[in-house]
Amino acid sequence: MTVLALLERGAATLATCESLTGGLLGATLTSVPGASTVFRGGLITYATDLKHTLARVDPGELARDGAVAPSTALAMAAGARETCAADWGVAVTGVAGPDPQEDHPAGTVYVAVADRVGAAVEQYRFDGDRHAIRTQTVEAALRQLVEAWRSH
């Protein structure tokens, strides 16, 4: 069962906050007919300052931890959920490459999922070019959201 079907069955809604994927997660979700029944929308916070202004990530936290950090991913997921008035938020931040960012090598990715009760984040290390890393990130985000839903 797809994540959208699970959410629809539970009458729950979803919002996304994306950095390195630049909208690929939202595009993947909305490529499914009927996605509008659960997908509220998404934030593309490719620039670090937008993580604060759009996703409500604390600027002090961003300065301390950086854009590629578990704390940032958690705040992005919660921020997307709140900003878009959704039951669930999923966020991705990381380095698609080829160059490192903030001393993180290409392929370093954090995926966070948040609901009204709490949030969880996972770190990944993906291999490949930009396209492969971005695709693997979307797959991981969808998988992590399904796992969070099922354990909820």
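Student: How many aromatic pairs does the structure hold?
Tutor: This is a predicted model, in which local features need pLDDT of at least 70, side-chain atom pairs count only at pLDDT 80 or more, and totals for chains, interfaces and linings use all residues. Residues are numbered from 1 along each chain as its sequence is written, and side-chain values use heavy atoms, with hydrogens and water left out. Rings of Phe, Tyr and Trp (for Trp the six-membered ring) pair if their centres lie within 6.5 Å. The number of aromatic pairs in the structure is 2.

Student: What kind of pair do the rings of Trp-88 and Trp-149 form?
Tutor: Planes under 30 degrees apart count as stacked, over 60 as edge-to-face, and the rest as tilted. The centres of the Trp-88 and Trp-149 rings are 5.8 Å apart and their planes stand at 55°, so the pair is tilted.

Student: How many residues apart are Trp-88 and Trp-149?
Tutor: Helices (H or I, at least four residues) and strands (E, at least two) are DSSP runs, numbered from the N terminus. Trp-88 sits in strand 3 and Trp-149 in helix 6, and their pair links distant parts of the chain. The two are apart by 61 residues.

Student: Is Trp-88 buried or exposed?
Tutor: Buried means under 20% relative accessible area, exposed over 50%, and partly exposed in between (1.4 Å probe, protein chains only). Trp-88 has 5% relative accessibility, so this residue counts as buried.

Student: What about the rings of Tyr-124 and Phe-126: stacked or tilted?
Tutor: Both residues are buried: Tyr-124 has a relative accessible area of 18%, and Phe-126 has 11% relative accessibility. Their ring centres are 5.3 Å apart and the planes are at 15°, so the pair is stacked.

Student: Which residues touch the most other members of the largest nonpolar core?
Tutor: A nonpolar core is a set of buried Ala, Val, Leu, Ile, Met, Phe, Trp, Tyr and Cys residues joined through side-chain atoms within 4.5 Å. The largest one has 28 residues. The members that touch the most others are Leu-14 and Trp-88.

Student: Where does the largest share of this core come from?
Tutor: At least two residues each come from helix 1 (3-9), helix 2 (24-30), strand 3 (88-94), strand 4 (108-114) and helix 6 (130-151). The largest share is 7 residues, and the element that supplies them is helix 6.

Student: What is the order of the strands in the open sheet?
Tutor: Two strands pair if DSSP finds at least two bridges between them. The open sheet has 5 strands with mixed pairing. Their order is 2-1-3-4-5.

Student: Which strands stand at the edges?
Tutor: An edge strand here has a single partner strand, so one of its sides is left without a neighbour in the sheet. That is the position of strand 2 and strand 5 (119-125).

Student: In strand 2, which residue is the bridge partner of Leu-14?
Tutor: Strand 1 and strand 2 are joined by 5 bridges and pair in the parallel sense. Across this pairing, the partner of Leu-14 is Phe-39.

Student: What is the hand of the crossover from strand 1 to strand 2?
Tutor: A crossover is right-handed if, with the strands pointing away from the viewer, the path from the first strand over the helix to the second runs clockwise. Here the chain goes from strand 1 through helix 2 to strand 2. This β-α-β crossover is right-handed.

Student: How many residues lie between strand 4 and strand 5 in their hairpin?
Tutor: The two strands run antiparallel and are joined by 7 bridges. Thr-108 stands opposite Arg-125 in strand 5. The number of residues between the two strands of the hairpin is 4.

Student: At about what angle does helix 6 run to strand 4?
Tutor: Axes are lines fitted to C-alpha atoms, for helices over the stretch in contact (heavy atoms within 4.5 Å). Angles run from 0 to 180 degrees between N-to-C directions. Helix 6 lies across strand 1, strand 3, strand 4 and strand 5, and its angle to strand 4 is about 30°.

Student: Is Thr-45 buried or exposed?
Tutor: Thr-45 is placed in the loop between strand 2 (39-44) and helix 3 (48-53). Beyond four places in sequence, its contacts include Cys-17, Leu-50 and Met-76. Its relative accessible area is 0%, so Thr-45 is buried.

Student: Which residue follows Gly-97 across a cis peptide bond?
Tutor: The bond has omega near 10°. The residue after Gly-97 lies in the loop between strand 3 and strand 4, and this residue is Pro-98.
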